[in-house]
Amino acid sequence: MDDTDRRLIAELRTDARLPVATLAGRLGVSRATVRNRIDRLVADGIIQGFTLRLGAEGDFEQVRAIMMIEVEGKGTDAVFRRLHGFPEVRALHSTNGRWDIVAELATDTLEAFDRTLAAVRLIDGIASTETSILLSSRKRALV
């Protein structure tokens with residue numbers, strides 16, 4: 001990856017729907033160059049997809065939370081695989097320190113959230129969890 005790739009990714013993080021011609025103009029390269037670079041970044045797995053970011057009115061009052069997970073022994077890979085099966089798990093992160101995994105959760109209701117917590121806690125290999133519901137967001141991450 002070079003500086004042009006990094007600038008291209010920065011533009012796409014801001015708005016993944018920008019036309020190739022607009023991206024080319026902002027980067028000072030041809031449209032073919034932008035298209036080829038996007039195709040290469042996708043093929044190389046650097047760009048793994050394009051997503052939709054909703055404004056506050058599009059969140060539909062979801063219950064969102066961060067769950068810290070401690071894994072017993074060497075079961076981290078198995079726990080990651082099981083967590084991937086939960087549609088309520090929006091993102092998974094490995095980490096260091098006391099916790100092994102950080103899971104970002106989202107459900108439509110508190111009842112669904114409670115069911116999700118109970119199901120996750122039953123996964124073999126999970127030693128303990130700590131969950132914090134996200135009450136408000138001050139700054140949204142760029143996706």
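**Entry 1: the chain as a whole**

What pattern does the chain follow, read along the sequence? I read α-α-α-β-α-β-β-α-β. I note at the outset that this is a predicted model. I counted five helices and four strands in the chain. I then looked up burial over the chain: of its 143 residues, 29% are buried. I also looked up how far apart in sequence the contacting residues lie. Among contacts with a separation of 6 or more, 62% are between residues 24 or more positions apart.

**Entry 2: helix α2**

I turned to α2, which spans residues 20–27. Which of its residues are buried? I found Leu-23, Ala-24 and Leu-27. These residues lie on the same side of α2, because they cover an arc of only 100° around the axis. I recalled the general rule here: an α-helix has 3.6 residues a turn, so residues three or four places apart point the same way.

I next asked what covers the buried residues of α2. The cover includes α1 (3–14) and α3 (31–43). At the end of the helix I checked the residue that follows, Gly-28, and found a positive phi, near 75°.

**Entry 3: α1 against α2**

How do the axes of α1 and α2 cross? I found that they come within 11 Å and cross at roughly 130°. That angle falls outside the range of 65 to 115 degrees for roughly perpendicular and is not over 145, the cut-off for roughly antiparallel, so I record α1 and α2 as oblique to each other. The crossing is right-handed.

I listed the residues that make the contact. From α1 they are Thr-4, Arg-7, Leu-8, Glu-11 and Leu-12, and from α2 they are Leu-23, Arg-26 and Leu-27. By class, I entered four nonpolar residues, one polar and three charged. Two of the α2 residues in this contact, Leu-23 and Leu-27, I had already entered as buried.

**Entry 4: Glu-130**

Last, I looked up Glu-130, which I located in strand β4 (residues 126–134). Is Glu-130 buried, partly exposed or exposed? I entered Glu-130 as partly exposed, because its relative accessibility is 45%, which lies between the cut-offs of 20% and 50%.

Which residues does Glu-130 touch, leaving aside those up to four places away in sequence? I found Ile-66, Met-67, Met-68 and Trp-99. I also checked Glu-130 against Ile-69: the two are 61 residues apart in sequence, and their C-alpha atoms are 6.7 Å apart in space.

Definitions and conventions. Residues are numbered from 1 along each chain as its sequence is written. This is a predicted model: local features need pLDDT of at least 70, side-chain atom pairs count only at pLDDT 80 or more; totals for chains, interfaces and linings use all residues. Side-chain values use heavy atoms; hydrogens and water are left out. Buried means under 20% relative accessible area, exposed over 50%, partly exposed in between (1.4 Å probe, protein chains only). Contact means heavy atoms within 4.5 Å. The arc is that of the directions from the helix axis to the C-beta atoms. Axes are lines fitted to C-alpha atoms, for helices over the stretch in contact, and angles run from 0 to 180 degrees between N-to-C directions. Angles under 35 degrees count as roughly parallel, over 145 as roughly antiparallel, 65 to 115 as roughly perpendicular and the rest as oblique. A crossing is left-handed if the near helix is turned anticlockwise from the far one by less than a right angle, and right-handed if clockwise. Ala, Val, Leu, Ile, Met, Phe, Trp, Tyr, Cys and Pro count as nonpolar, Asp, Glu, Lys and Arg as charged, and the others, Gly among them, as polar.
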